Amino acid sequence: MKRPTLLFRKKTPEAPVDIEQAALRSDRFRLKREGEWKRLEEIVRRMESGRLRGIADEELLELPALYRTAASSLAVARETSLDAATLAYLEALVQRAWYQVYGPRIGFIAWLRRFFGGGWSAAVRAIWLEICIALAAMLAGGVVGWLLVDSDERWFYSLVGGGMAGGRAPGAPVEVLRQSLEGQDHAGGLSAFAAFLFSNNAGVAILAFALGFAFGIPSLLLLIQNIALLGAMLWVFHDAGLAMEFAAWLSVHGTTELFAILLAGAAGLHIGRSMAFPGDRSIMAAAARSGQRAAVVMLGVVVMLIVAALLEGYVRQLVAAAQLRFAIGGAMLAFWLAYFFLFRGRAQGDAR
Amino acid sequence: MTAAARREARLQRKRREMVTPEGIALPITLASRSTRFGALLIDLIIIFAVNIGLSILLRSFALAVFAETGLANRAAVLEFLQVVMILVSFVLLNGYFMFFELGPRGATLGKRLTGIRIAARDGGRLSAEAVIARNLLRDIELFLPLGLVVVWSIMTMMGEGMGSALLAATIWFLVFALFPFFNRDRLRAGDLIAGTWVVEAPKRKLAEAMSLGEGSRGRSVTTGAHYRFGDEELAVYGEYELQTLERVLRENKPDALVTVAETICAKIGWESGVGDERAFLEAFYAQLRARLERDMRFGKRKADKHS
């Protein structure tokens, strides 16, 4: 049982031990420095608990110096001391301090601000070559889809699954096709539809990115296959004389969504290309470097897909006029292009 | 190979050296796969619980508003709430990991509880981009295929014939789930892409210095005896035995002290007394360490009794 005392107070510091009392030279070394180690430990402990405000500026300034002292203590102790417990303590302490000294400099929110303020567009510009390759693949896919269905209508069914077509097949009555392009005059039931579209598109985009692992080839194939489907669909509407209406219908969200899928495929390609041609780095290092850049792009792709789903779920269904649809789609495309390639912002450290 | 040697070899396989920018090699231990799995489970349970709690809160809030105002357009409001919940759980599922791993501990709550954290593989700064990258990949590795497996197995059970798709999703899931078993550093695909790995985050208290008491000067407080050991008596042991002895002294279990004292006496040819083991061992420890450390300063090291 503790003796009850009336006052709470700070623990009295342990009486400093007489250093000369230690019989071993390595213990004297340790006793001389352990005060600094404990100071470092205390600062690190408070930083780890995230209460930065509880730390005075002088202490923060001291951190790197204390860290280096502890690190050199460790280096000396390894050569002179056989005290396993002290060595283990120092190793753990230096490691913990190292994480604080070399930890991520900014939190999630600050990073997001930097991301929208220039980091994202810088990362997109950094993979321009892959974007060009992916764009070429998409255009080729579209043309191939068109030509295939043009040569033989049965191609349509193998390109477009039954579920996606929804009555929009070659030779379908013009009225059915026109109806599928029309808007609705109220927003009921559309929000769940938008949420569904988002998760569906996110799946395709993430897949295009992930398949970059296999040296980017599956990313390209996925892009080609998806856009071939679009080409086939366009041919059907063209056949019925509704090409312009279909393009307008598609452009509302398509400029954003296809751009997002293009970026996702390019990000996948970027990883694949740097793994196939790592240059003078190791494959692992090359993958890590390109992966970090591609991840920034991919986070942006997720944002774009949310925007696309909102456009697709709400705006497209509510706006029926072809000119207006073109205007919205064109404005979105102009916005993205300007944001990525004209807006420089303050991108520090991102565009490595 | 003895059990101890096998354990040592297993430990060695987990040890890595990380060189800090100051040029100091820090030994780190890779987190075991089971620890990481446990941490993930804890995180998922937390996310799930928060999700459920939030949706119950939102729902009861909406119902209370309905009862208060007698709103006519209930279906629309409920649908809106549903969309809010979809977005919230999306943000929660993805934001949770990034938020915590960008924090000062570099670990989610589950990782903190299991004593592990993430670190940059090259010993440099753990960048925000790396944390984002490894967690974006988590979607592809885990949530996406797992969701597909669940949905498609339900459809298959209902006779929708998604058998081949289900197989594909299962293979996809297994490829990534087993990924950490097929590389030396136990990286999952996200770690590979982000340049990170998951390591143990040790925390240790500074233990007492060993050579402060009278015992380390060779004098026993209880009996007043003086223990002095000659060179050839100290020469039988090396660093490994010294550190074993240190552990025994720090743990200070009476019967272990007796056993070790007897063993040492038998080895160096002393008669073992009874009742003064601690003082004897402290004296032996201090003198053995002084000798080994002196040799160490001259660049001569003796790993264990065999060398």
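Mentor: Two residues are in contact if their C-beta atoms, placed from the backbone, lie within 7 Å. Keep that in mind, since this is a predicted model.

Trainee: Okay, so what makes Ala205(A) a contact of Ala260(A)?

Mentor: That 7 Å cut-off on C-beta atoms. Leaving aside neighbours within four places in sequence, Ala260(A) has Ala205(A) as a contact, along with Val301(A), Met304(A), Leu305(A) and Ala308(A), so each of those C-beta atoms lies within 7 Å of the one on Ala260(A).

Trainee: And why is Ala260(A) called part of a nonpolar core?

Mentor: A core here joins buried residues of types such as Ala, Val, Leu and Met through C-beta atoms within 7 Å. Ala260(A) is in the largest one, which has 102 residues, so Ala260(A) counts as buried. Ala260(A) is also among the members that touch the most others, with Ala205(A), Leu263(A), Ala264(A), Val297(A) and Met298(A). Helix α11 of chain A, residues 243-276, gives the most to this core: 17 residues.

Trainee: Now the contact between the chains. How many residues does each one bring?

Mentor: Chain A brings 60 and chain B brings 60. On the chain A side, α3(A) supplies the largest share, 12 residues.

Trainee: What is that side made of, by class?

Mentor: It has 36 nonpolar, 15 polar and 9 charged residues.

Trainee: Where in chain A does pLDDT stay under 50?

Mentor: Over residues 347-352, for which the model has 11 contacts beyond four places in sequence. Where pLDDT is low, the predicted coordinates should not be read in detail. For chain A the mean is 78, and 77% of residues reach 70 or more.

Conventions:
Residues are numbered from 1 along each chain as its sequence is written. Chains are lettered from A and ligands numbered from 1 in the order in which they are written. This is a predicted model: local features need pLDDT of at least 70, side-chain atom pairs count only at pLDDT 80 or more; totals for chains, interfaces and linings use all residues. A residue is buried if 20 or more other C-beta atoms lie within 10 Å of its own, exposed if 12 or fewer, and partly exposed in between; C-beta atoms are placed from the backbone. Helices (H or I, at least four residues) and strands (E, at least two) are DSSP runs, numbered from the N terminus. pLDDT is the predictor's confidence in each residue, from 0 to 100. Ala, Val, Leu, Ile, Met, Phe, Trp, Tyr, Cys and Pro count as nonpolar, Asp, Glu, Lys and Arg as charged, and the others, Gly among them, as polar.
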